[in-house]
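Reader: I would like a close look at a single part of this model. Pick one strand, follow its partners, and then work outward to what surrounds it.

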Amino acid sequence: MPQELFIGIDISKAELQVAVHGQEANRTFPNDRRGIAKLIAFLEAAPPTLIVFEPTGGYELALAIALVAAELPGVMVNAKRLRDFAKAIGRLTKTDKLDAKDIAHYAQAIRPQLRRLPDDQERALRRLVSRRRQLLQMVNMERNRLELAPAAECKEINQHLAWLAKRVQSKDDEIDRMLRENPAWQEDEQLLRSVPGIGPVACSALLSELPELGTLTHKQIAALVGVAPYNHDSGKLRGHRCISGGRASVRSALYMAIVCAIVHNPPIHEFYERLKQAGKPSKVALTACMRKLLTMLNAMLR
């Protein structure tokens with residue numbers, strides 16, 4: 001039986017720290033085109049069972065693309081989970097070399113499930129959706145400044161707001177064009193948009209930032225988004241159930257969708273009213289409706 005190899009990679013702007021679980025010495029590669037090519041050659045020489053790395057604000061992107069191209073089993077894991085694992089095994093010291101070892105240990109102990117990494121089109125759509133969100137954040141900041149700005153500054157702020165509005169519209173047009181040029185996305189978009197409450201913004205967020213939609217169970221997709229309630233019980237104590245973690249950007253898009261769906265989607269409206277009549281707080285009822293809507297969308301795409 002061939003030996004199983006579990007690889008952990010700690011990624012920084014300048015370099016890639018690579019650890020093999022059970023081996024003392026790390027390997028270091030530059031985080032550039034040549035360095036990644038050498039790393040891929042090293043990995044292909046003795047194909048690993050699993051390669052785990054964490055998101056680092058974009059510095060992991062080139063490596064992720066290379067792993068997909070080489071058909072190597074790479075998994076991107078939330079950085080908080082990796083740090084919590086390191087603390088759980090008693091590792092309080094933090095360096096790049098030790099982080100790589102801990103990631104390799106995590107790969108061997110937890111064996112996270114392989115998920116398909118996004119392709120070029122999905123990454124391009126995700127960048128557009130992310131940039132649109134950033135522009136809207138700037139719009140909100142400028143509107144807040146406008147309320148307290150002296151008259152001399154109001155003209156400049158209004159000009160900036162007008163420019164931002166044009167940029168947001170431009171991103172909307174680019175997203176719409178990209179969705180319509182991809183037959184698979186076009187079909188999924190038509191399915192999602194057929195649900196009352198799901199508009200173009202929520203639809204593009206789901207397609208770009210939740211590619212797993214339709215491939216997981218309803219419990220898995222709820223946990224991935226962060227709308228699954230977790231128990232906090234101990235002995236006879238029954239604590240409050242609350243959500244934790246997940247993809248905040250998708251959750252925000254779902255929240256805006258559910259506000260509309262409560263009015264225009266009869267099953268969601270009835271479910272919300274039933275929860276409110278049972279004495280549930282509004283925030284709890286809204287979260288439950290988000291989970292129900294997500295379950296419906298997941299089933300439709302599956």
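Author: Ile9 stands opposite Val18 in strand 2. This is a predicted model, where local features need pLDDT of at least 70, side-chain atom pairs count only at pLDDT 80 or more, and totals for chains, interfaces and linings use all residues. Residues are numbered from 1 along each chain as its sequence is written, and side-chain values use heavy atoms, with hydrogens and water left out.

Ile9 is on strand 1, which covers residues 6-11. Strands here are DSSP runs of E with at least two residues; helices are runs of H or I with at least four; both are numbered from the N terminus. Strand 1 pairs with strand 2 (residues 15-20) in the antiparallel sense, over 5 bridges. Two strands pair if DSSP finds at least two bridges between them. Asp10 has Gln17 as its bridge partner in strand 2. A hairpin of 3 residues joins the two strands.

Strand 1 also has a partner in strand 4. That pairing is parallel and runs over 4 bridges. Here Gly8 has Val52 as its bridge partner.

Now widen the view to the sheet. It is open, has 5 strands and mixed pairing, and its order is 3-2-1-4-5. Strand 3 (27-30) and strand 5 (74-76) stand at the edges. Each has a single partner strand, so one side of each is left without a neighbour in the sheet. From one strand to the next, the twist averages 25 degrees.

How many residues of strand 1 are buried? The count is 6 of 6, so the strand is largely enclosed by the rest of the structure. Buried means under 20% relative accessible area, exposed means over 50%, and partly exposed lies in between (1.4 Å probe, protein chains only). Both faces are covered. Phe6, Gly8 and Asp10 are buried on one side. Ile7, Ile9 and Ile11 are buried on the other.

What lies across the strand? Helix 4 (residues 96-110) lies across strand 1, strand 2 and strand 4 (50-53). The helix runs at about 145 degrees to strand 1. Such angles run from 0 to 180 degrees between N-to-C directions, with axes fitted to C-alpha atoms, for helices over the stretch in contact.

Helix 3 (residues 79-88) comes next. Leu82, Arg83, Phe85 and Ala86 are its buried residues. Seen down the helix axis, they fall within an arc of 155 degrees, so they line one face. The arc is that of the directions from the helix axis to the C-beta atoms. A general point helps: an α-helix has 3.6 residues a turn, so residues three or four places apart point the same way. The buried residues of helix 3 pack against strand 4 and helix 4. Contact means heavy atoms within 4.5 Å. On the other side of helix 3, Lys80, Arg81 and Ala88 are exposed.

Two loops around these elements deserve a look. Glu71 sits in the loop between helix 2 (61-69) and strand 5. Its phi is near 55 degrees, a positive value in a residue other than glycine. Glu71 is exposed, with a relative accessible area of 73%. Arg111 lies in the loop between helix 4 and helix 5 (120-148). Phi of Arg111 is also positive, near 50 degrees. Arg111 counts as partly exposed, at 41% relative accessibility. Most residues other than glycine have a negative phi.

Further along the chain, helix 6 (residues 151-181) packs with helix 7 (residues 183-193). The angle is about 105 degrees, and the axes are 5 Å apart. That makes helix 6 roughly perpendicular to helix 7, a label for angles of 65 to 115 degrees. Residues of helix 6 in this contact include Met178 and Leu179, and those of helix 7 include Pro183 and Trp185.

Leu179 has another contact. Ser204, in helix 8 (residues 200-209), touches Val129, Ile175 and Leu179, leaving aside its neighbours within four places in sequence. Ser204 counts as buried, at 5% relative accessibility.

Finally, the whole chain. It has 12 helices and 7 strands. Of its 302 residues, 39% count as buried. The C-alpha atoms fill a box of roughly 60 × 60 × 45 Å along the principal axes. Among contacts with a separation of 6 or more, 58% join residues 24 or more positions apart.

How values were computed:
Parallel < 35°, antiparallel > 145°, perpendicular 65-115°, else oblique.
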